[in-house]
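Visitor: I'd like to learn how to read a structure like this one, feature by feature. Could you walk me through it?

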Amino acid sequence: MHSDPVASRSAESRKTNGSSPTIDAVSLAIIEQLQEDGRRPYAAIGKAVGLSEAAVRQRVQKLLDQGVMQIVAVTDPLTVGLRRQAMVGIRVEGDLDEIAEALTAMAECEYVVMTAGSFDLMVEIVCEDDDHLLEVINKRIRALPGVRSTESFVYLKLKKQTYMWGTR
């Protein structure tokens, strides 16, 4: 199972000519509508936010082009054969960007973030099983030049996963 690089939510894809895009109340309302149902018709969204279907279509396209949002299918990893998830804290010597880019290129790394605190990077990994997770951590992540240490937090049970935070 590999991630679609087009669907990757990276900092680079969110940049718009060095400045943050301006999001007005109507665009926020459109985003909320799509967070409730990513397949909601533009006509229904338009009715809810007071715009025509064409105006909603244009705003959605602009939000997509600016990297403000994505419309994607979110799966339950267990149902698609990915039975092991873990968060891995990584301590690094040297350039964080190089290691973060290497991790971003790994299909199993679904979330890569630079942090402050006891870890330099936090990476969410989704794998088929424990052997696959061990191979990713031991043979690929720990083999990266500059990785000093890792600490793994294996998920036992996922209690909440939502993507509704986007307009708060």
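Guide: Sure, and keep in mind that this is a predicted model. Let's start with arginine 140: its relative accessibility is 25%, so arginine 140 counts as partly exposed.

Visitor: With which residue does arginine 140 form a salt bridge?

Guide: The general idea is that side chains of opposite charge can pair when their charged atoms come close. Here the partner of arginine 140 is glutamate 135, with 3.6 Å between the closest N and O atoms. Glutamate 135 is partly exposed too, at a relative accessible area of 33%. The pair also belongs to a network of salt bridges that links Glu108, Glu135 and Arg140.

Visitor: How many salt bridges does the structure hold?

Guide: Six. One of them joins the side chains of arginine 84 and aspartate 130, at 2.5 Å from N to O. Arginine 84 sits in strand β1 and aspartate 130 in helix α6 (residues 130–141), so this pair ties together parts that are 46 residues apart in sequence.

Visitor: Is arginine 84 buried or exposed?

Guide: Buried: its relative accessibility is 19%, and the cut-off for buried is under 20%. Its partner aspartate 130, at 47%, is partly exposed. The side chain of arginine 84 also has a polar atom 3.2 Å from the backbone oxygen of tyrosine 155. Beyond its neighbours within four places in sequence, the contacts of arginine 84 include Ile125, Cys127, Leu133 and Val154.

Visitor: Let's turn to a helix. Which residues of α4 are buried?

Guide: In general, an α-helix has 3.6 residues a turn, so residues three or four places apart point the same way. In α4, the buried residues are Val56, Val60 and Leu63. Viewed down the axis of α4, they fall within an arc of 60°, so they line one face of the helix. They pack against α2 (25–36) and α3 (42–49). On the face turned away from that buried side you'll find the exposed residues Gln58, Lys62 and Asp65.

Visitor: How far apart are the end C-alpha atoms of α4?

Guide: They are 18 Å apart, which agrees with the span expected for its 13 residues at 1.5 Å a residue. Just after α4, glycine 67 has a positive phi of about 75°.

Visitor: And which residue forms a salt bridge with arginine 59?

Guide: Aspartate 24, with the closest N and O atoms 2.8 Å apart. Arginine 59 is in helix α4 and aspartate 24 in the loop between α1 (11–14) and α2, so the pair ties together parts that are 35 residues apart in sequence. Arginine 59 is partly exposed at 25%, and aspartate 24 is partly exposed at 31%.

Note on methods:
Residues are numbered from 1 along each chain as its sequence is written. This is a predicted model: local features need pLDDT of at least 70, side-chain atom pairs count only at pLDDT 80 or more; totals for chains, interfaces and linings use all residues. Side-chain values use heavy atoms; hydrogens and water are left out. Helices (H or I, at least four residues) and strands (E, at least two) are DSSP runs, numbered from the N terminus. The expected span of a helix is 1.5 Å times one less than its number of residues. Buried means under 20% relative accessible area, exposed over 50%, partly exposed in between (1.4 Å probe, protein chains only). The arc is that of the directions from the helix axis to the C-beta atoms. Contact means heavy atoms within 4.5 Å. A polar contact is a pair of N or O atoms within 3.5 Å; within protein, one must be able to donate a hydrogen and the other to accept it, and residues adjacent in sequence count only if both atoms are side-chain atoms. A salt bridge is a side-chain nitrogen of Lys or Arg within 4 Å of a carboxyl oxygen of Asp or Glu.
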